[in-house]
Amino acid sequence: PALDDHVLGVAIYRDASRKKEEETELIMSLEREGIISSISARLLEKGARGVPGAMGEMAAFLGVNRGALVEMDCDDVPTGEIILTDGEISEGTSPLEFASLPASALCGFAGRPWEKGPVEIGSSGRPEERHEALILEAVGLQGDHVHAQPVYSGTEGNAFLLLQKGREPISYADSALITKFCALSGSVLLRDIRMQMIKETNRLLEGASRDIVEILARALSMKDPFTAGHQINVANLAKAMAEKGGYDESFTERVYYSGLVHDLGKIAIPSSILSKPGRLTEVEFEIIKGHVRLGWEILSSVELPWPLAEIILQHHERLDGSGYPGLLEGSSIIKEARFLAVADVVEAMISHRPYRAGLSIKEALSEIKRFRGIRFDPEAVDLCIAVIEEGFVMSDPSYLPYP
Ligand SMILES: [Fe+2]
């Protein structure tokens with residue numbers, strides 16, 4: 001500063017406001033990164049269930065307390081919505097609110113952000129915005145300054161995000177944060193839809209496979225009612241053993257369904273041999289033994305979610321190699337076949353046939369105990385004894401034809 005052309009002194013000033021702005025921006029940028037990390041971790045851990053929490057977290061950071069995220073299926077029917085009201089997140093679907101909209105409204109609305117990227121929508125009175133106003137109303141938003149952004153797209157569905165911001169435009173950095181949220185949420189929502197589709201396909205496939213197995217069992221019952229009843233009992237006993245042993249659902253299903261059709265190959269054995277009263281000749285017994293390979297041949301030609309053909313091929317194998325077809329012994333026999341072997345033998349021993357009386361349960365159990373660890377899997381023997389001693393009863397002792 002000078003006074004009357006006389007220099008009295010010099011002062012140096014430094015404008016600190018710019019520096020402060022830079023510091024504030026740096027802090028904000030670090031906070032944004034923190035939010036993105038937190039959202040990513042949440043979505044990674046919880047998948048689609050984490051989207052509402054992630055949206056709430058992002059909105060709180062942006063200072064937005066009203067908004068919505070609407071999911072639609074491939075026919076533009078809303079399938080879910082996340083609503084942000086006064087900072088609180090709620091989930092659900094409001095089919096009634098959306099039902100009042102013209103059919104084209106959601107479709108046109110969802111398409112617009114995809115064409116133009118993030119857009120600002122509101123009731124400006126333009127004809128194409130009338131639908132938008134209705135959509136905003138349906139999710140509890142009104143007026144201007146609503147930021148709309150696509151969340152994901154795919155052949156299976158799409159979604160859009162709405163955030164009611166203040167009059168201030170969304171900053172470039174905040175817009176990047178919203179885009180990141182939309183990309184992450186979109187991928188987990190899409191993954192969720194695909195997982196549901198896979199589950200549904202598997203459910204249909206398993207249902208069809210069960211039907212096939214039951215049809216095959218039924219086909220045999222027409223030829224040999226005794227075998228039909230035997231198969232049902234063996235399936236139930238083997239299933240009870242697997243459950244008692246704490247085996248998982250897929251193991252239990254494998255022993256159950258293989259039990260239901262384990263003698264399927266008998267369908268190709270002449271009835272005169274199958275139902276022959278009295279002792280079989282050696283040749284006849286060899287023909288009967290062929291049922292395991294015949295069963296394997298029939299079942300290996302059918303696509304099923306369980307390896308039934310292999311289990312059935314091995315159900316007469318024995319640990320000491322004394323079984324047939326005699327290809328395997330010990331632990332090379334699959335566990336399911338070892339379970340089936342025990343259930344099969346016990347059921348066969350206690351069943352009555354026109355040409356012979358069945359053994360008592362006590363006699364049958366002492367027989368498998370005698371060969372425990374020799375012919376039969378020790379665990380399968382113990383589980384079979386345990387379930388029978390706990391009151392397991394053959395559900396079909398009368399050997400009526402398959403119902
Ligand atoms: Fe058999």
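Of the 403 residues in this chain, 44% count as buried. The model is a predicted one, and its chain folds up into 15 helices and eight strands. Looking at contacts with a separation of 6 or more, 62% of them join residues 24 or more positions apart. As for the outside, the accessible surface adds up to about 21500 Å², and carbon and sulfur atoms hold 56% of that.

Next comes the metal site. Four residues coordinate the iron ion: Asp263 through OD, and His291, His315 and His316 each through NE2, at 2.1 to 2.4 Å. Along the sequence, these donor residues follow the spacing D-x27-H-x23-H-H. His291 sits in helix H11 (residues 291-300), while His316 belongs to the loop between helix H12 (308-313) and helix H13 (335-350), so this pair ties together parts that lie 25 residues apart in sequence. How regular is the arrangement around the metal? The four donor atoms make angles of 81 to 173°, and the site counts as irregular. That label fits because a tetrahedral site would need all angles between 85 and 135 degrees. Two of the donors can also be placed by how much of them is covered: His291 is buried, with a relative accessible area of 1%, and His316 is buried too, at 13%.

Right beside Asp263 in the chain is His262, a residue of the loop between H8 and helix H9 (271-274). His262 is buried, and its relative accessible area is 0%. Its side chain makes two polar contacts worth pointing out: one with the side chain of His230 at 3.1 Å, and another with the side chain of Asp263 at 3.2 Å. Leaving out residues up to four places away in sequence, His262 touches His230, Gln231, Val234, His291, Ile312, His315, Leu340 and Asp344. Two of the iron donors, His291 and His315, turn up in that list.

Then there are the nonpolar cores. The largest has 34 residues, and Leu237, Met241, Phe339, Val342, Ile368 and Cys384 have the most contacts inside it. Helix H7 (225-244), helix H8 (249-260), H13, helix H14 (361-370) and helix H15 (378-389) each give two or more residues to this core. H13 supplies the largest share, with nine residues. Val342 shows what such packing looks like up close: setting aside neighbours within four places in sequence, Val342 is in contact with Met241, Ile368, Phe376, Ala380, Val381 and Cys384. A second core, separate from this one, has 28 residues, among them Ile35, Val51, Tyr152 and Ile178.

Note on methods
Residues numbered from 1 in each chain as written. Predicted model: local features only at pLDDT ≥ 70, side-chain atom pairs only at ≥ 80, totals over all residues. Heavy atoms only, no water. Donors = N, O, S within 2.8 Å, 3.2 Å for Na, K, Ca; no water. Tetrahedral: all angles 85-135°; square planar, octahedral: opposite > 155°, others 65-115°. Helix = DSSP H or I, 4+ residues; strand = E, 2+ residues; numbered from the N terminus. Buried < 20%, exposed > 50% of the residue type's maximum accessible area, 1.4 Å probe, protein only. Core = buried A, V, L, I, M, F, W, Y, C linked by side-chain atoms within 4.5 Å. Contact = heavy atoms within 4.5 Å. Areas by Shrake-Rupley, 256 points an atom, 1.4 Å probe, with all protein chains shown as cover. Polar contact = N/O pair within 3.5 Å; in protein donor to acceptor, adjacent residues only side chain to side chain.
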